[in-house]
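Got the viewer open? Let's walk through this one stop by stop, selecting as we go.

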Amino acid sequence: PDPEGDLWLDATANLGTLTAVPGALRGQRAFIVDGKGGRLLDIRNADPSENRLTETRRYVLNMTGGGRLDGTLRLSGDFAGEARRQLMEVEPGARTSILSTPGQILGHGHVPERVAVSGIDSPDAAVRVDAAITHQDLVGLRLDGALVLEPDSDLLTNGMVVPADRAGESMKMPHTIERRLVIRPPSGYRFDWGELAMRSRGALNVEVDELREPEQTTIRVRVRFDAGPIDLAARDQIQRALERLKETLGRQLVILPGPKFDQIAFLEAVTLERPEDPRIKILLGRALIIADQPARALQVLDAARTQDSEDRRIDALSAQAVARLQSRGDAEAALRALTTIKGATPTSFVLLAALFESQDRTQDAFVVLDLGRTKHPGNEQIERLLAITAGRLGLKHDALEAARRLADTHPGDTAAQVFLGDVAAE
């Protein structure tokens, strides 16, 4: 549009926004016919505010690094034209599929669950894209409960808007890019970095600032390019500005839990989200022992043992838990409960039998091991201990049967064959 009210119509306007001067007309001499005669007019150059990309990403996080991520993208001028060229060539139903490819809208490879597009067929409006995702891994997570976000240059470039192989083309037009990153952690968490700030003036104007509030923080990155002549000095300024921007954003943003942080609740939540990871269960078992909850620790550690029977930390922590229980006289009840749960491991029967042996209750140890044998036939540790325990009770037949089962189950194990011979010789 012209300030005096004229409206420019041009089929070569590259599908931009009507309120922006099309690239083909900028700075051109035009003959205007307005019904009152003809006149010549110099069409002004575009203003950076006419070609504008504005994006906001809002993280609402939980204590395990997941939560909800919402994104809003608004494009005007040449940015809108670029989007329209790509999206108008496909059916409306396929547009959301294009925008849902990893990294297009929400950054960091996230694939949105919901995408809504408007303004594609309305050149008098900005193109707008709204996207959202709920995911358990939105940001990094440390085992001390800290949440970690790395904004990096993901706040400066973005998928279909400025493709990597055409990034230089955006420098041919006056434009403004503004991105906001809103981070809202769980209540009580604190931001463990100084407020981000950076400014560079010249051919490329770059600003970074941060608005810190009690419950959230907003990081804003604003880049304005006037598209004037780029000489050597301008190129140097642009390069320095981008290097400073990368340095400002290329850091880890760490959000620390508050003084009321419950490590056990945190590890339990992570365990529920990552049930296949025995390392988390080991850490939870250790935390429960420290919190003087050895019975619960044994159950967690036994579950970890089903996933990784070779990790010696599990046995060491289990021994600590049993020792705690013995000192309180609660070991038997806790270990019995452990043998009755679904999926009880061989170690749970071995631990209870060892407790009985320490109390000179060999008969009870034999009963427990025999029950363990029925639950875990052929288990080397149970069969070996069962044979030894039966021998102590004078049950030679039972001892020989256990040793024979062990040897039959492991025919290539020399130690098992020797053990059978020793039991038979007694």
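In which loop is D292 found? Select D292 and look on either side: it sits in the loop between α5 (278-290) and α6 (294-307). Keep in mind throughout that this is a predicted model. D292 is worth a click for its backbone, since its phi is positive, about 60°, although the residue is not a glycine. With a relative accessibility of 40%, D292 counts as partly exposed.

Now jump to D360, in the loop between α9 (346-358) and α10. Here too you'll find a positive phi of about 60° on a residue that is not a glycine. Is D360 buried or exposed? Its relative accessible area is 69%, and the cut-off for exposed is over 50%, so D360 is exposed.

**Zoom out for a moment**

Show the whole chain as a cartoon. There are 13 helices and 14 strands to look at. Of the 426 residues, 44% count as buried. Taking contacts in the protein chain with a separation of 6 or more, 63% are between residues 24 or more positions apart.

Next, colour by pLDDT. The chain has a mean of 81, and 83% of its residues reach 70 or more. Then select residues 159-169, where the pLDDT is below 50; beyond near neighbours in sequence, this stretch makes 16 contacts in the model. Where pLDDT is low, the predicted coordinates should not be read in detail.

**The sheet**

Hide the helices and follow the strands. Eight of them form an open sheet, in the order β5-β6-β4-β3-β9-β13-β12-β11, with mixed pairing. Which strands are at the edges? They are β5 (114-118) and β11, each of which pairs on one side only. From one strand to the next, the twist averages 10°.

Start at the β11 edge. Strand β11 (residues 198-200) runs antiparallel to strand β12 (residues 204-212), and 3 bridges join the two. Pick S200 and you'll see V206 of β12 standing opposite. The hairpin of β11 and β12 has 3 residues between the strands, and in this hairpin G202 takes a positive phi near 155°.

Carry on to the next strand in line. β12 pairs with strand β13 (residues 217-225) in the antiparallel sense, over 9 bridges. This is a hairpin as well, with 4 residues between β12 and β13. For a landmark, select D209: opposite it, in β13, stands R220.

Then move along to strand β3 (residues 52-61) and strand β4 (residues 67-75), which pair in the antiparallel sense over 9 bridges. Click V60 here, and its bridge partner in β4 turns out to be R68.

**A helix that is largely enclosed**

Bring the helices back and select α1, residues 78-87. Why is α1 described as largely enclosed by the rest of the structure? Because 7 of its 10 residues are buried. Show F79, A80, G81, E82, A83, R84 and L87 as sticks: these are the buried ones. What do they pack against? Light up β3, β4, α2 (92-99), β5, β6 (127-135) and β9 (175-184), and you have the surroundings of those buried residues.

**One buried valine**

Go to V270, which has its place in helix α4 (residues 263-273). Its relative accessibility is 2%, so V270 counts as buried. Setting aside neighbours within four places in sequence, V270 is in contact with T64, L141 and I280. Try a distance label to G145 too: V270 and G145 are 125 residues apart in sequence but 10.0 Å apart in space, C-alpha to C-alpha.

**Last stop: two crossing helices**

Finish with α10 (residues 362-375) and α11 (residues 380-392). Their axes come within 9 Å and cross at roughly 150°. The crossing of α10 and α11 is left-handed.

Which residues meet between α10 and α11? On the α10 side, pick T362, A365, F366, L369, D370, G372 and R373; on the α11 side, pick I382, E383, L385, L386, T389, A390 and R392. Colour this contact by residue type and you get 7 nonpolar, 3 polar and 4 charged residues.

How values were computed:
Residues numbered from 1 in each chain as written. Predicted model: local features only at pLDDT ≥ 70, side-chain atom pairs only at ≥ 80, totals over all residues. Heavy atoms only, no water. Axes fitted to C-alpha atoms, helices over the stretch in contact; angles between N-to-C directions. Left-handed = near helix turned anticlockwise from the far one by under 90°. Contact = heavy atoms within 4.5 Å. Nonpolar A, V, L, I, M, F, W, Y, C, P; charged D, E, K, R; others polar. pLDDT = per-residue confidence, 0-100. Pairing = 2+ DSSP bridges. Buried < 20%, exposed > 50% of the residue type's maximum accessible area, 1.4 Å probe, protein only.
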